[in-house]
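Colleague: I should be grateful for a close look at a single part of this structure, set out for a first-year student. Please explain each term as it arises.

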2 protein chains.
Amino acid sequence: MRLGSIEAGGTKFVCAVGDEQFHVLDRTQFPTTTPAETLAKTVAYFKQFEDELDALSIASFGPIEIRSQAPQYGYITNTPKPNWPYTDFLGTLKAALNIPIYWTTDVNGSAYGEYVALPEAQRPRSLVYFTIGTGVGAGELVNGDFLGELGHPEVGHVRLKRHPDDLDFAGICPYHGDCLEGLVAGPTFEARLGKPGVEVPLSDHVWDIMAYYIAQAAVQETLMLRPNKIVFGGGVISEPFMEKIREQFAQLMNGYAEVGALTDYLTMPVVPENGSATVGNFALAKRLLG
Amino acid sequence: MRLGSIEAGGTKFVCAVGDEQFHVLDRTQFPTTTPAETLAKTVAYFKQFEDELDALSIASFGPIEIRSQAPQYGYITNTPKPNWPYTDFLGTLKAALNIPIYWTTDVNGSAYGEYVALPEAQRPRSLVYFTIGTGVGAGELVNGDFLGELGHPEVGHVRLKRHPDDLDFAGICPYHGDCLEGLVAGPTFEARLGKPGVEVPLSDHVWDIMAYYIAQAAVQETLMLRPNKIVFGGGVISEPFMEKIREQFAQLMNGYAEVGALTDYLTMPVVPENGSATVGNFALAKRLLG
Ligand SMILES: Nc1ncnc2c1ncn2[C@@H]1O[C@H](COP(=O)(O)OP(=O)(O)O)[C@@H](O)[C@H]1O
Ligand SMILES: Nc1ncnc2c1ncn2[C@@H]1O[C@H](COP(=O)(O)OP(=O)(O)O)[C@@H](O)[C@H]1O
Ligand SMILES: [Zn+2]
Ligand SMILES: [Zn+2]
């Protein structure tokens with residue numbers, strides 16, 4: 001069995017072919033340029049494997065249309081990314097490749113990858129995957145299925161209680177100002193301090209402020225979904241920063257809902273090197289084959 | 001077919017017997033006193049119908065244990081209500097009545113009632129039911145099933161962005177201070193203004209502040225779950241107040257996620273006279289019979 005994965009990010013595309021144990025057999029990546037050029041490269045890559053490939057899954061940046069009855073099912077919709085609004089991503093791939101293709105969001109792909117990467121007996125049937133990178137979003141798996149019927153979740157844009165030492169920061173979300181993404185996405189370091197996050201030591205108080213907001217988002221997910229696990233990925237996340245997030249989470253929750261050991265509940269990805277979405281795509285492609 | 005409903009609130013119990021069209025055939029209510037007395041009255045009520053009753057459903061105040069594998073499955077757990085912590089509610093009923101019994105939260109019962117009360121063709125598979133009364137909580141139905149595997153949701157305790165005109169109010173939640181419940185439950189009127197909400201005219205600015213918080217909770221649910229409908233019940237809610245909530249919701253969302261007409265999306269209950277949980281219980285009891 002051969003399975004394909006497209007991880008379509010706003011900066012780069014990662015395409016891969018794997019086997020039914022979800023091992024990567026071949027992999028390529030290229031920058032996200034125009035839809036015509038980028039999708040042509042994607043198709044050309046998979047054409048090489050046309051005879052062997054059984055199914056494929058796409059985990060895409062968004063917003064995307066996921067309602068299978070909608071006229072624009074399979075499109076990237078009103079994205080702020082130039083050239084990409086209303087691109088028929090799934091349709092382009094389907095026209096070129098005569099195999100079943102799964103279509104979901106980038107964060108759902110990662111959530112699914114983290115779910116299947118765990119040994120079967122340990123798999124939490126409900127899991128949330130947050131990315132805190134250039135943008136902020138979450139994929140939510142509940143009882144083995146993704147949440148979102150009217151559309152995919154947009155967890156990046158929830159409002160939060162402001163940190164008392166951060167009341168002057170307006171936030172950077174073009175739609176909402178100080179929503180979660182507006183307060184903790186990677187580029188907020190430049191907006192708050194005039195330099196990138198990688199140059200800001202963990203001893204800087206801004207990291208406590210960030211941890212407070214991210215912990216609130218984890219509390220929201222906990223109180224609303226009661227998932228078994230919340231995984232954090234993306235460039236802003238590191239293990240020492242996770243410790244700060246766990247501390248703030250414990251304070252905010254104040255023992256209200258049982259979640260077990262925080263080192264198991266709030267974690268970094270199990271799949272190394274940002275590979276969660278690739279593994280998730282392989283598994284979602286395999287699931288299409290029944 | 002005869003179906004039983006127990007709506008177990010912190011103030012009163014409502015017990016009813018209905019038919020398979022969910023019509024109420026008999027109904028009683030009594031105050032919530034000690035567990036021994038209240039559950040004895042409950043059992044005595046249903047014993048009258050023992051020969052005809054096919055199944056029963058309990059929608060209870062909480063927190064409750066809903067994990068069917070947990071040793072305390074069927075208990076009311078660490079409730080602040082005197083005498084009630086760690087009461088084996090379901091076990092008491094099962095010992096007395098030899099019929100299938102469904103066990104869920106009060107708000108899940110109401111959510112299910114609102115779901116089945118709609119004509120079949122119009123039933124939204126995903127629906128959230130908020131109660132804004134003495135306490136605040138929500139039941140969440142996603143694709144026809146309740147959310148919550150590790151435990152039931154506790155949506156009443158999410159944190160919110162504070163309203164600029166309300167920064168001095170500490171909130172009344174004993175666990176968190178200014179969580180949703182701490183900011184908008186009925187008794188916040190007494191805490192803010194020294195008089196009950198029923199005496200505060202809708203022109204008072206406090207209603208705008210309340211609407212802002214409740215709208216934020218609706219935005220959180222929308223961005224996290226993408227439900228098809230959000231229903232609001234409880235003593236604090238009225239149709240003119242719903243209009244304020246809709247206005248605030250539109251401003252906060254700022255067109256970010258499509259939800260259709262707000263008068264259909266954010267609504268009061270369809271079932272009249274606080275009957276949602278009774279209808280929900282009848283339907284959940286019937287579902288047990290397959
Ligand atoms: N060590 C770091 N500390 C804080 N922020 C970082 C760090 N490394 C990268 N970032 C920020 O993370 C963002 C990139 O996130 P990443 O997940 O790598 O990519 P993307 O979200 O674009 O897929 C950038 O805003 C970058 O400045
Ligand atoms: N018209 C009203 N305006 C504002 N608050 C009200 C109004 N009527 C009742 N309340 C408040 O609602 C709460 C009771 O809510 P209700 O849903 O009736 O009961 P419970 O939540 O106890 O089941 C009380 O705090 C009461 O003061
Ligand atoms: Zn936003
Ligand atoms: Zn609280």
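Modeller: The account below concerns the place where two helices from separate chains pack together. This is a predicted model, in which local features need pLDDT of at least 70 and side-chain atom pairs count only at pLDDT 80 or more, while totals for chains, interfaces and linings use all residues. Residues are numbered from 1 along each chain as its sequence is written, chains are lettered from A and ligands numbered from 1 in the order in which they are written, and side-chain values use heavy atoms, with hydrogens and water left out.

Helix H6 of chain A covers residues 205-225, and helix H6 of chain B covers residues 206-225. Helices here are DSSP runs (H or I, at least four residues), numbered from the N terminus. The axes of the two helices are 11 Å apart, and the packing angle is about 80°. Such axes are lines fitted to C-alpha atoms over the stretch in contact, and angles run from 0 to 180 degrees between N-to-C directions. H6(A) and H6(B) are therefore roughly perpendicular to each other, a term for angles of 65 to 115 degrees.

On the side of chain A, the contact (heavy atoms within 4.5 Å) involves A:Ala217, A:Gln220, A:Glu221, A:Met224 and A:Leu225. These meet B:Ala217, B:Gln220, B:Glu221, B:Met224 and B:Leu225 in H6(B). The residues of this contact divide into six nonpolar, two polar and two charged. Ala, Val, Leu, Ile, Met, Phe, Trp, Tyr, Cys and Pro count as nonpolar, Asp, Glu, Lys and Arg as charged, and the others, Gly among them, as polar.

Each chain also has a cis peptide bond: from A:Gly62 to A:Pro63, with omega near 0°, and from B:Gly62 to B:Pro63, again with omega near 0°.

Conventions
Angles under 35 degrees count as roughly parallel, over 145 as roughly antiparallel, 65 to 115 as roughly perpendicular and the rest as oblique.
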